[in-house]
Amino acid sequence: ISTDGLTLGANVMTPINGQLTLFARLGYFDWNASYSPAIPNPEVDSGSDFLYGAGILVGWDNLKFKAGYTRFKVDKFNVDVYGGGFQYYFPVN
């Protein structure tokens, strides 16, 4: 199965203390999927579904480390994505 799509969503963040922030994610996923078992004429499907997830930001001052989880629905399947990264805020005077 090969899937591509466009997402639109929002994160709601709640600071726990100076170093820890939790967030929840809700959005919309517009997708197209092709199924390769029918190689000469792959079956193509498309749809729109909601996505949701949650995560955590940990850090100090301008540097934050991020870990999160997002669940997408594609046809009858759930696609779980686990991600991580970091954010650096450049000060502007």
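Helices, in runs of at least four residues, and strands, in runs of at least two, are assigned as DSSP runs and numbered from the N terminus. On this basis, the chain of the predicted model contains 0 helices and 5 strands. Read from one end of the sequence to the other, the elements follow the pattern β-β-β-β-β. The radius of gyration is 17 Å, well over the 12 Å that the globule rule gives for 93 residues, so the chain is more spread out than a compact globule. The C-alpha trace spans about 55 × 20 × 20 Å along its principal axes.

Burial, contacts and surface were computed for the chain as a whole. Of its 93 residues, 20% count as buried. Among contacts with a separation of 6 or more, 43% are between residues 24 or more positions apart. The accessible surface amounts to about 6800 Å², and carbon and sulfur atoms account for 61% of this area. The chain carries 6 positive and 8 negative charges, and the mean positions of the two sets lie 10 Å apart.

The search for salt bridges covered the whole structure and returned 1. This salt bridge is formed by Arg 71 and Asp 80, whose closest N and O atoms are 2.7 Å apart. Asp 80 has a relative accessible area of 33% and is partly exposed, because this value lies between the limits of 20% for buried and 50% for exposed residues.

Lys 64 belongs to strand E4. This lysine is buried but has no salt bridge. The nearest side chain of opposite charge is that of Asp 61, at 7.3 Å; a salt bridge requires a side-chain nitrogen of Lys or Arg within 4 Å of a carboxyl oxygen of Asp or Glu. Apart from neighbours within four places in sequence, the residues in contact with Lys 64 include Gly 18, Leu 57, Val 58 and Gly 59. Gly 85, Phe 86, Gln 87 and Tyr 89 are also in contact with Lys 64.

Asp 61 itself is found in the loop between strand E3, residues 43-60, and strand E4, residues 63-74. Most residues other than glycine have a negative phi. Asp 61, in contrast, has a positive phi near 45 degrees. With a relative accessible area of 70%, Asp 61 is exposed.

Strand E4 also holds Lys 66. Lys 66 is partly exposed, at a relative accessible area of 26%. When residues up to four places away in sequence are not counted, Lys 66 touches Asn 11, Phe 23, Arg 25, Ile 56 and Leu 57, among others. Gly 83, Gly 84, Gly 85 and Gln 87 are also among the residues touched by Lys 66. For Gly 83, the separation from Lys 66 is 17 residues in sequence and 8.1 Å between C-alpha atoms.

Ser 2 lies in strand E1, which comprises residues 2-15. The relative accessibility of Ser 2 is 44%, and the residue counts as partly exposed. Its contacts, leaving aside neighbours within four places in sequence, are with Asn 32, Ala 33 and Ser 34. Ser 2 and Gly 83 are 81 residues apart along the chain, and their C-alpha atoms are separated by 20 Å.

How values were computed:
Residues are numbered from 1 along each chain as its sequence is written. This is a predicted model: local features need pLDDT of at least 70, side-chain atom pairs count only at pLDDT 80 or more; totals for chains, interfaces and linings use all residues. Side-chain values use heavy atoms; hydrogens and water are left out. The radius of gyration is taken over C-alpha atoms; the globule rule is 2.2 Å times the number of residues to the power 0.38. Buried means under 20% relative accessible area, exposed over 50%, partly exposed in between (1.4 Å probe, protein chains only). Contact means heavy atoms within 4.5 Å. Accessible areas come from the Shrake-Rupley method with a 1.4 Å probe; for residues, only the protein chains shown count as cover. Lys and Arg count as positive and Asp and Glu as negative; His and the chain ends are not counted. The place of a charge is taken as NZ of Lys, CZ of Arg, CG of Asp or CD of Glu.
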